[in-house]
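Biologist: I am new to this structure and would like to learn how to read its features. Could you walk me through it?

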Amino acid sequence: MDMMEALIAGGWLMLPLLGCSLLATVIIIERLWTLRAGRIAPMGLGQEVCSLVARGQVNLYWLESHSPLGGVLAAGLRNARLGHEQVRARLQEAGTAVIHDMERFLSPLGTIAAIAPLIGLLGTVVGMIEVFSVIVSGDGASRTADLAGGISRALVTTAAGLTVAIPALMFHRYFQRRVEDITVRMEEQAGQVVEFLAHYPGELTLAERHEAERQEADGRIAPRVRQP
């Protein structure tokens, strides 16, 4: 039985299952591309920011455009003059926004994993109702095609629902774990910056966005601008 025959045998309930399958595929591909640890929280960025702070060469424009983790660290550095508690608070707020973005579309994927077997079960129930209707009518022997159609619908929709739900559930769990791993990496690097600022003896100097045109060749270093 090819795909078209399966769609016909499963009846109209195959249409929502097909829609769930397409939506789940799009979400999985998009999340695989988006949830890359190297894109969101590059290794060594926290240590690099600490080195730049020590030299007074941190450019917030470069840091914000570097990665989502860079945006989190930039939010904390902007409030460094207000004390370490404010730095931690801003890091937490910015980190929460990044985590929320990483979890985008995971809820629909989990919903698909949950409802696809139920749609398949509904198809099973509808198919068996048709089978028993034919049997109860008393002319089941002359309506073997209807009997076979009902049984086929019951089996095909169940199989289709499980086929959609199993990979959707697997990827949903996988993406949840990836979000947790990236979150831990972000917390570790943000903690490095907070710890460095807590023991930084000098006065913090930062370069702001309007000085981006005066950055040097490496795209990070800009003239010192004293924060108020």
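Modeller: Happily! This is a predicted model. Let's begin with spacing along a helix: an α-helix has 3.6 residues a turn, so residues three or four places apart point the same way. Here, phenylalanine 171 and phenylalanine 175 are four residues apart in helix α9 (residues 144-198), about one helical turn.

Biologist: Are these two residues buried or exposed, or something in between?

Modeller: Phenylalanine 175 is buried, at 0% relative accessibility, while phenylalanine 171 is partly exposed at 29%.

Biologist: How do I read a pair of rings?

Modeller: Look at the distance of the centres and the angle of the planes. The whole structure holds two aromatic pairs. For phenylalanine 171 and phenylalanine 175, the centres are 5.9 Å apart and the planes are at 35°, so this pair is tilted. Tyrosine 174, partly exposed at 36% relative accessibility, pairs with phenylalanine 175: their centres are 5.6 Å apart with planes at 55°, so this pair is tilted. Ring pairs thus link Phe171, Tyr174 and Phe175 into a cluster.

Biologist: Which charged end sits over the ring of tryptophan 33?

Modeller: That of arginine 36, 4.0 Å from the ring's centre.

Biologist: And how many disulfides are there?

Modeller: A disulfide is a covalent bond between the sulfur atoms of two cysteines. The count here is zero. As for the cysteines, cysteine 20 is buried with a relative accessible area of 10%, and cysteine 50 is buried with 5%.

Terms used: Residues numbered from 1 in each chain as written. Predicted model: local features only at pLDDT ≥ 70, side-chain atom pairs only at ≥ 80, totals over all residues. Heavy atoms only, no water. Disulfide = S-S within 2.5 Å. Buried < 20%, exposed > 50% of the residue type's maximum accessible area, 1.4 Å probe, protein only. Phe/Tyr/Trp six-rings, centres within 6.5 Å; stacked < 30°, edge-to-face > 60°. Helix = DSSP H or I, 4+ residues; strand = E, 2+ residues; numbered from the N terminus. Lys NZ or Arg CZ within 6 Å of the ring centre and 35° of its normal.
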